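Visitor: I should like to take a close look at a single part of this model. Could you please guide me through the packing of one helix against its partners, and then through the aromatic rings?

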Amino acid sequence: MTMEMHSNFVHPVTSLILPVLLRPILSQLERRDAAASQQLRAALTKAEQTHPGLSYEIVMGILKKGDLNVNMNESILRLQGSASETDLEYRLNRTDEAFQELNKKSASLKRILSRIPDEISDRKKFLETIKEIASAIKRLLDAVNEAAPFIPGTSGKQAVEQRKKEFVKYSKKFSTTLKEYFKEAQPNAVFVSALYLIHQTNQIMITVKSKCE
């Protein structure tokens, strides 16, 4: 798999392996052995925080050992559709309507993006999905603006504003990547760009959560 890089930034798939692939598996394990699942979840989370990208290395090591050829960008993007329901790290706990709307809009954008691998080969359907993504991006930004007044302190507001700017930057890159795709038909570049957008969405949620809860 080609690990394409955007300037000085870790490839987004490395940050999404734990929440998108591993945590849903642990949630299934929790039904059979809650204690073991919670211990594994805590250990993996701590290991990933100490050594970012460790979860990715573990999964890729298993695939290599099994001599399996998997496009991880495509796979993680597709799995994102169901992962939003099990990972609470990117969900705000505050009951204010503005924060609940932000939860809904961020999850909605990620679900729509997760459909790309299944729809990219159908031009008509993909063009409709692109329109949905554009609308979902706008709704997410509107939701961030609605939540901003509830964020205490100048530094908190500035941190969220900076995340919003980063999100907008990667939204524009995603748009550029789509234009290039219709000229060159390189779907993996679209998958990677969509993963960056998901990562930036998660960063907004983490930042808002850290400043408000």
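Guide: What follows is a description of helix α5 and its contacts, and then of a group of aromatic rings. Please bear in mind that the model is predicted.

Let us begin with the two helices α5 and α9. Helix α5 covers residues 97-114 and helix α9 covers residues 187-212. Their axes come within 10 Å and cross at roughly 165 degrees. Angles over 145 degrees count as roughly antiparallel, and α5 and α9 are therefore roughly antiparallel to each other. Their crossing is left-handed. On the side of α5, the contact is made by F99, L102, N103, S106, L109, K110 and L113. On the side of α9, the residues are A194, L197, I198, T201, N202, M205, V208 and C212. Sorted by class, the residues of this contact comprise 10 nonpolar, 4 polar and 1 charged.

Helix α5 also packs against helix α4, which spans residues 72-83. Here the axes are 7 Å apart and the angle is about 140 degrees. The two helices α4 and α5 are therefore oblique to each other. As α4 passes α5, the crossing is left-handed. From α4, the contact involves L77, R78, Q80 and G81, and from α5 it involves K110, R111, L113 and S114. This contact of α4 with α5 has 2 nonpolar, 3 polar and 3 charged residues. K110 and L113 of α5 thus appear in the contact with α9 and also in the contact with α4.

We may now turn to the aromatic rings. A pair of aromatic rings is described by the distance of the centres and the angle of the planes. In the whole structure, a search finds 5 aromatic pairs. One of them is formed by F126 and Y181, with 5.9 Å from centre to centre and 90 degrees between the planes. This arrangement is edge-to-face. F126 lies in helix α7 (residues 123-147) and Y181 in helix α8 (residues 154-184), so the pair ties together parts that are 55 residues apart in sequence.

Are these two residues buried or exposed? Buried means under 20% relative accessible area. F126 has a relative accessible area of 1% and is buried. Y181, at 13% relative accessibility, also counts as buried. Finally, ring pairs link F126 and Y181 with F182 into a cluster.

Definitions and conventions. Residues are numbered from 1 along each chain as its sequence is written. This is a predicted model: local features need pLDDT of at least 70, side-chain atom pairs count only at pLDDT 80 or more; totals for chains, interfaces and linings use all residues. Side-chain values use heavy atoms; hydrogens and water are left out. Axes are lines fitted to C-alpha atoms, for helices over the stretch in contact, and angles run from 0 to 180 degrees between N-to-C directions. Helices (H or I, at least four residues) and strands (E, at least two) are DSSP runs, numbered from the N terminus. Angles under 35 degrees count as roughly parallel, over 145 as roughly antiparallel, 65 to 115 as roughly perpendicular and the rest as oblique. A crossing is left-handed if the near helix is turned anticlockwise from the far one by less than a right angle, and right-handed if clockwise. Contact means heavy atoms within 4.5 Å. Ala, Val, Leu, Ile, Met, Phe, Trp, Tyr, Cys and Pro count as nonpolar, Asp, Glu, Lys and Arg as charged, and the others, Gly among them, as polar. Rings of Phe, Tyr and Trp (its six-membered ring) pair if their centres lie within 6.5 Å; planes under 30 degrees apart count as stacked, over 60 as edge-to-face and the rest as tilted. Buried means under 20% relative accessible area, exposed over 50%, partly exposed in between (1.4 Å probe, protein chains only).
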